[in-house]
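Work through the exercises below with the model open beside you. Try each task before you read its solution.

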Amino acid sequence: VIGFLLIFRLVPVHATTLSAGFGELTSRGWFPHGFGPIFATVLTANFAYSGAEMIGVAAGEAKNPEKTIPSATRRTLFILIVLFIGAILVMGTLLSPSDKAFATSPFVAILNQSGIPWAADIMNAVLIITLFSASNAGVYAASRMIWSLADKGEISQKLGKLSRHGLPVYGLLLTMAGGALSLL
């Protein structure tokens with residue numbers, strides 16, 4: 001929303017590096033460097049779509065999966081389309097392709113240059129929370145997968161032990177240990 005306000009200059013822009021209107025998108029043509037960079041971007045950004053499979057993992061624990069799973073799928077698809085295509089449109093409109101912001105965080109760079117107090121700091125906090133959320137989803141999926149494998153007897157059944165709240169304790173511990181090792 002802030003990006004679109006900046007594009008149409010409904011919010012005063014304090015930086016000269018942010019373009020107005022949609023001229024930045026069309027000034028060099030739609031694909032000035034061919035389709036190679038498009039494919040590279042798709043491959044690089046593919047990680048951003050990981051997480052949608054959590055709907056399938058969570059389906060096993062849903063109270064009414066016939067109703068909740070299609071609804072969650074539609075919502076997730078809508079959010080992905082709006083957020084990702086909207087974000088790409090805003091970044092492509094406001095920033096030049098040669099802008100150094102693409103090497104760090106274009107979201108933070110745009111908000112930093114907007115002159116809106118605290119906007120960049122809030123975006124940094126949102127990005128950190130998003131990282132924790134993605135990590136949490138990964139831990140959830142991995143621990144449930146370990147439980148599922150143990151439940152089917154494909155790995156040690158000790159790893160399938162559930163707490164009284166239904167938490168796969170050993171699967172969670174193994175996942176956390178693997179995560180800690182990967183950080184090293």
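Contact means heavy atoms within 4.5 Å. Keep that cut-off at hand. This is a predicted model, where local features need pLDDT of at least 70 and side-chain atom pairs count only at pLDDT 80 or more, while totals for chains, interfaces and linings use all residues. Residues are numbered from 1 along each chain as its sequence is written, and side-chain values use heavy atoms, with hydrogens and water left out.

**Exercise 1. The overall fold**

Task: State how many helices and strands the protein chain has, and what share of its residues is buried.

Solution.
- Step 1. Helices (H or I, at least four residues) and strands (E, at least two) are DSSP runs, numbered from the N terminus.
- Step 2. The protein chain has eight helices and zero strands. Along the sequence the pattern reads α-α-α-α-α-α-α-α.
- Step 3. Buried means under 20% relative accessible area, exposed over 50%, and partly exposed in between (1.4 Å probe, protein chains only). Of the 184 residues in the protein chain, 22% are buried.
- Step 4. Take the contacts with a separation of 6 or more. Residues 24 or more positions apart account for 50% of them.
- Step 5. Turn to the surface. Accessible areas come from the Shrake-Rupley method with a 1.4 Å probe, and for residues only the protein chains shown count as cover. The protein chain exposes about 12800 Å², and carbon and sulfur atoms supply 70% of this area.

**Exercise 2. The core and Ala 87**

Task: List the residues of the largest nonpolar core, then place Ala 87 in its helix.

Solution.
- Step 1. A nonpolar core is a set of buried Ala, Val, Leu, Ile, Met, Phe, Trp, Tyr and Cys residues joined through side-chain atoms within 4.5 Å.
- Step 2. The largest such core has nine residues: Leu 6, Ile 7, Val 11, Ala 87, Val 90, Met 91, Leu 94, Leu 95 and Ile 110. Helices α1 and α5 each supply at least two of them. The most come from α5, which gives four residues.
- Step 3. Ala 87 sits in helix α5. Its relative accessible area is 14%, so Ala 87 is buried.
- Step 4. Leave out residues up to four places away in sequence. Ala 87 then touches Val 82 and Phe 107.
- Step 5. Ala 87 and Phe 4 are 83 residues apart along the chain, yet their C-alpha atoms are separated by 9.7 Å.

**Exercise 3. An enclosed helix**

Task: Why is helix α6 described as largely enclosed?

Solution.
- Step 1. Helix α6 covers residues 106–114.
- Step 2. Its buried residues are Pro 106, Val 108, Ala 109, Ile 110, Leu 111, Gln 113 and Ser 114.
- Step 3. Seven of the nine residues are buried, so the rest of the structure largely encloses α6.
- Step 4. The cover over these residues includes α1, α5 (65–94) and α7 (119–151).

**Exercise 4. Two positive phi angles**

Task: Give the phi of Gly 115 and of Trp 118.

Solution.
- Step 1. Gly 115 follows α6 and has a positive phi, near 85°.
- Step 2. Most residues other than glycine have a negative phi.
- Step 3. Trp 118 is not a glycine, although its phi is positive, about 70°.
- Step 4. Trp 118 lies in the loop between α6 and α7. With a relative accessible area of 62%, Trp 118 is exposed.

**Exercise 5. Neighbours in α7**

Task: Which residues do Ser 143 and Arg 144 touch, leaving aside those within four places in sequence?

Solution.
- Step 1. Ser 143 is in helix α7. At 5% relative accessibility, Ser 143 is buried.
- Step 2. Ser 143 is in contact with Pro 168, Gly 171, Leu 172 and Thr 175, besides neighbours within four places in sequence.
- Step 3. The side chain of Ser 143 also reaches the backbone oxygen of Tyr 140 at 3.1 Å.
- Step 4. Arg 144 is in helix α7 too. At 16% relative accessibility, Arg 144 counts as buried.
- Step 5. Arg 144 touches Val 57, Glu 61, Leu 162, Gly 166, Leu 167 and Pro 168, not counting residues up to four places away in sequence.

Note on methods:
A polar contact is a pair of N or O atoms within 3.5 Å; within protein, one must be able to donate a hydrogen and the other to accept it, and residues adjacent in sequence count only if both atoms are side-chain atoms.
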